[in-house]
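Reader: Before I take this model to the bench, could you show me how to read its features in order?

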Amino acid sequence: MDSNFTTGTDGSDVTITVCPDGPLLVRGSAQLFDTDGNPLPSNRATVALCRCGRTGIAPFCDSSHKKKLRRP
Ligand code: FES
């Protein structure tokens with residue numbers, strides 16, 4: 001896994017970890033915004049952001065990436 005470091009809203013470290021075939025894990029005091037610039041609730045120490053587009057709770061991961069795709 002790869003991680004990048006940045007500074008959070010409280011000055012502490014924020015890390016973003018890319019999970020292979022899974023979400024981005026954001027750890028720390030990052031403030032998240034939707035595409036309109038509205039803040040998203042983030043009262044958790046770790047937030048998983050969907051990268052696969054299959055989640056039912058966008059932009060957050062709901063583990064749908066673990067399900068196998070059905071082929072016609
Ligand atoms: S990355 Fe987990 S549901 Fe998309």
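Author: What follows goes from strands to core, then to a histidine and a pocket. The model is predicted, so local features need pLDDT of at least 70 and side-chain atom pairs count only at pLDDT 80 or more, while totals for chains, interfaces and linings use all residues. Residues are numbered from 1 along each chain as its sequence is written, and side-chain values use heavy atoms, with hydrogens and water left out.

Reader: In which sense do β2 and β3 pair, and over how many bridges?

Author: Strands are DSSP runs (E, at least two residues) numbered from the N terminus, and two of them pair if DSSP finds at least two bridges between them. Here β2 (residues 13-18) and β3 (residues 24-27) pair in the antiparallel sense over four bridges, with I16 opposite V26. These strands form a hairpin with five residues between them, and D21 in the turn has a positive phi of about 55°. β3 is also joined to β4 by four bridges, again antiparallel; V26 stands opposite V47, and the bridge partner of R27 is T46.

Reader: Which side chains of β4 point to one face and which to the other?

Author: In a regular strand the side chains alternate between the two faces of the sheet. Along β4, V47 and L49 point to one face and are buried (under 20% relative accessible area, with exposed meaning over 50% and partly exposed in between, for a 1.4 Å probe and protein chains only), whereas T46 and A48 point to the other face and are not buried.

Reader: Which residues make up the largest nonpolar core?

Author: A nonpolar core is a set of buried Ala, Val, Leu, Ile, Met, Phe, Trp, Tyr and Cys residues joined through side-chain atoms within 4.5 Å. The largest one has seven residues, V14, V26, L32, L40, V47, L49 and F60. Leaving aside neighbours within four places in sequence, L32 is in contact (heavy atoms within 4.5 Å) with residues including L40, V47, L49 and F60.

Reader: Is H65 buried or exposed?

Author: H65 counts as buried because its relative accessibility is 17%. H65 is found in the segment after β4 (46-49), and, not counting residues up to four places away in sequence, H65 touches D21, G22, P23, C52 and R54.
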